[in-house]
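Here's a quick briefing on a single protein model. Have a look at the structure first, then we'll walk through it by topic.

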Amino acid sequence: MGLADSKNHGRKITHAIGLVFGILMLAIVFNGLLSLFLADKDLMEHAWKNVQKNLAMILATHENEIEKLGIISLIAKEQNSKFCDFIDYDNLDAITYMLESMVLIHDVDFAVVINENDELLSAYPKNPGELDPAYLSLLIGDGEMKASLVELPNHFGNNFLVKNPEDSASPFYFVFRAVVPLFHDTGDHYGYIVLMKLVNGNH
């Protein structure tokens, strides 16, 4: 073998080694990228499962709160005749006392009685006085007896639900609301009891 052939043979070996080394590096990089992708995929699947689990817990908690408020509204409904009698005799002190008892015993944030003329008779713990007609639908919804989760605008929450509105920057409030229609023994409609509880204290 001549000198020229030896040099060509050496270059071929060098090229072959370089090619093998390059392929090896590509394999290492590809394997690293694949491992990273699979790790990220596992991480994403784990994160998604956590999100689903937390969401299920939140939904279960909300359903439980709605169910509890529904039970409280049934207790309030049992006082239907008393509320109607107090409305008949304009006994606002007695109505206020009953609302206060509901708020304190059943741990709700707000209770109000509205008469058949859509006038606010009493509220606890915060009584805004005269009822703005724009607030009526926010309080009673469709007027049917039920408990539900509703979204209320900031100005409503500040006027009815929050003791210190200046401390709240919320654009809206999520609340559990129960509406209890009041009917006299004669069958006449006498108004509504409305109970509200802030979702997670509005935090």
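Let's start at a small detail: α2 is followed by Asp90, whose phi is positive, near 50°. Helices (H or I, at least four residues) and strands (E, at least two) are DSSP runs, numbered from the N terminus. This is a predicted model, so to speak of local features takes a pLDDT of at least 70 and side-chain atom pairs count only at pLDDT 80 or more, while totals for chains, interfaces and linings use all residues. Residues are numbered from 1 along each chain as its sequence is written, and side-chain values use heavy atoms, with hydrogens and water left out.

**Overall picture**

- The protein has five helices and five strands, and from the N terminus on they come in the order α-α-α-β-β-α-β-α-β-β.
- Of the 203 residues, 32% are buried (buried means under 20% relative accessible area, exposed over 50%, partly exposed in between, with a 1.4 Å probe and protein chains only).
- About 13,000 Å² of the protein is exposed, and carbon and sulfur atoms supply 60% of that; the areas come from the Shrake-Rupley method with a 1.4 Å probe, and for residues only the protein chains shown count as cover.
- Take the contacts (heavy atoms within 4.5 Å) with a separation of 6 or more: 59% of them are between residues 24 or more positions apart.

**The sheet**

- Five strands make an open sheet in the order β2-β1-β5-β4-β3, with antiparallel pairing; two strands pair if DSSP finds at least two bridges between them.
- β2 (120-124) and β3 stand at the edges with a single partner strand each, so one side of each has no neighbour in the sheet.
- From one strand to the next, the twist averages 25°.
- β1 (residues 110-115) pairs with β5 over six bridges, antiparallel, and Val113 sits opposite Ile193 in β5.
- β4 and β5 (residues 189-198) run antiparallel and are joined by nine bridges; one pairing puts Ala178 with Leu195 in β5.
- β4 and β5 also form a hairpin with five residues between them, and Gly187 in the turn has a positive phi of about 95°.
- On β4's other pairing, eight bridges join it to β3 (residues 146-153), again antiparallel, with Leu149 opposite Phe176 in β4.
- β4 (residues 172-183) is mostly covered, with nine of its 12 residues buried.

**Helices α2 and α3**

- α2 (residues 80-88) and α3 (residues 92-106) pack at an angle of about 150°, their axes 9 Å apart; axes are lines fitted to C-alpha atoms, for helices over the stretch in contact, and angles run from 0 to 180 degrees between N-to-C directions.
- Lys82, Phe83, Phe86 and Ile87 in α2 meet Ala94, Ile95, Met98, Leu99 and Met102 in α3.
- By class, that α2 and α3 contact has eight nonpolar, no polar and one charged residues (Ala, Val, Leu, Ile, Met, Phe, Trp, Tyr, Cys and Pro count as nonpolar, Asp, Glu, Lys and Arg as charged, and the others, Gly among them, as polar).
- Asn80, Phe83, Cys84 and Ile87 are buried in α2.
- Looking down the axis of α2, those buried residues fall within an arc of 100°, so they line one face of the helix; the arc is that of the directions from the helix axis to the C-beta atoms.

**Helices on the sheet**

- α2 lies across β1, β2, β4 and β5, at about 80° to β4.
- α3 lies across β1, β2 and β5, running at about 35° to β2.
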